[in-house]
Amino acid sequence: MNSFEYKNGSLFAEQVKLADIAAVVGTPFYCYCQSEIIFHFNAMKQEFADLSPLIAYAMKANSNQAIISLLGNAGAGADIVSLGELERAVAAGIDPKKIVFSGVGKNEKEMMRALELGIHCFNLESVPELERLNDIAAKMNVIAPVSVRINPDVDAKTHTKISTGKFDNKFGIPYIEANAVFKKIKNSSHLKAIGIDMHIGSQIIDLAPFDEAISILASLFKSLNENGHELEHIDIGGGLGISHGKNDKSPDLKEYAKIVRSHIKPLNCKLIIEPGRWLVGNAGVLVTKVEYFKQGASKDFVIVNAAMNDLLRPALYEAHHDILPLSKPQDNAEQMKVDVVGPICESSDYLAQGQYLNPVKQDDLIAIMSAGAYGAAMAGTYNSRPLITEVLVFGDKFETIRERQTIADLIALDNVPAWI
Ligand SMILES: *Cc1c(COP(=O)(O)O)cnc(C)c1O
């Protein structure tokens, strides 16, 4: 499905002209297509129908309240990594029984609130975390349901900053220590092991690492249960990649499901999947305005009004995003090789490097494609740039789902001591 298409020479989001949204909310802004998000969710649900998994949306990809509510209403649970995400999920109406709690640094407050709400399980990542959770559950006089995140020492073959499944990453319990950790859980008065999980990385295109890692989890699951544990589920994490551009490969959902099924089906256990990017990434764009076209000595620069604080992926992960002008170029228009950069005062502030674009001029609007995941969610206010508007489109309707922050908002939380 592609919700962003040219019609009569203009780029549309579903049935809304992106330029019309820009005229109302100004630039830059994020725009998401509801139908595409739901299309992806339903595609995954159908593909895995025979395993009836819990699809726990990894909220960190896009944690706007509207997006969480949308996916929650469609039947998704949530994979959360903080107290903020827990409260957001609950505020969006997600049943705590459909929430799994990931992350290496869960604090006491987070554990207490999650226990109070009765989440599905804690995905434990270390022995000290296990001990803290047992202590807190004991004090609250409840039993904490837990899964152990297994580090399978598998290379996900993605960018190093989003690889999480090797022994030198901070995540999970090394698979060679799993037996000892499950024994420790069994001997803990207020923990009950109900599953094992993994998450080996993000933007994974090559499916072989999934095959290898899930196979390790499946054999662990089997041997643990043969040794008297009563595990109910395997959680295979997220990580399924998307295409961020015309030349990118993207993995095939059917192939992915086939690999998962081959390992999970024979075990007759419950399945949890934690997709983030795959559900929302291609359903969003960042629309920005060209401020200047600057000819440099060795390169040409398109200077736009969005920057690395709005979309960090290019600066942080050297990520590529295709860029389309909102007004369709002539079919035979020449292309120019440019860097697309923002106004921020450092050289890592780019949205594209050495990319071929159709010629653009001052005040033109362009769309940075595939920006629905890890875009707005990773935004900050560096250079005192307020967080930008987010808009949701549904058919021929659109609505702001996050107001643009004001400069007054930025100043308001600061305090100037009286001695200055
Ligand atoms: C980030 C994360 C995900 C989602 O990753 P995607 O690549 O967006 O699918 C799932 N599970 C855990 C534990 C994560 O940290």
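The buried residues of helix H6 are covered by elements that include helices H5 (108-117) and H7 (178-186), together with strands S8 (121-124), S9 (144-151) and S11 (191-197). The model under discussion is predicted. Two separate nonpolar cores are described below, one of 102 residues and a second of 19 residues.

**Helix H6**
- H6 comprises 14 residues, 127-140, and spans 20 Å from its first C-alpha to its last, close to the 20 Å expected at 1.5 Å a residue.
- Its buried positions are Glu129, Leu130, Leu133, Asn134, Ile136 and Ala137.
- An α-helix has 3.6 residues a turn, so residues three or four places apart point the same way.
- At the start of the helix, a side-chain oxygen of Ser126 comes within 3.2 Å of the backbone nitrogen of Glu129.
- Just after the helix, Asn141 adopts a positive phi of about 60°.

**Largest nonpolar core**
- In the largest core, of 102 residues, those with the most contacts inside it are Phe48, Phe122, Ile185, Ile196, Tyr256 and Val340.
- Helix H8 (residues 208-226) makes the greatest contribution to this core, supplying 9 residues.
- Both domain 1 (4-31 + 282-412) and domain 2 (34-280) provide at least three residues each to this core.

**Surroundings of Phe122**
- Leaving aside residues up to four places away in sequence, Phe122 touches Phe101, Lys106, Met111, Ala114, Leu115, Leu133, Ala144, Pro145, Val146 and Ser147.
- Among these contacts of Phe122 is Leu133, one of the buried residues of H6.

**Second core**
- The separate core of 19 residues includes Leu11, Ala13, Val285 and Leu365.

Key:
Residues are numbered from 1 along each chain as its sequence is written. This is a predicted model: local features need pLDDT of at least 70, side-chain atom pairs count only at pLDDT 80 or more; totals for chains, interfaces and linings use all residues. Side-chain values use heavy atoms; hydrogens and water are left out. A nonpolar core is a set of buried Ala, Val, Leu, Ile, Met, Phe, Trp, Tyr and Cys residues joined through side-chain atoms within 4.5 Å. Buried means under 20% relative accessible area, exposed over 50%, partly exposed in between (1.4 Å probe, protein chains only). Helices (H or I, at least four residues) and strands (E, at least two) are DSSP runs, numbered from the N terminus. Domain bounds come from an automatic or database domain assignment. Contact means heavy atoms within 4.5 Å. The expected span of a helix is 1.5 Å times one less than its number of residues. A polar contact is a pair of N or O atoms within 3.5 Å; within protein, one must be able to donate a hydrogen and the other to accept it, and residues adjacent in sequence count only if both atoms are side-chain atoms.
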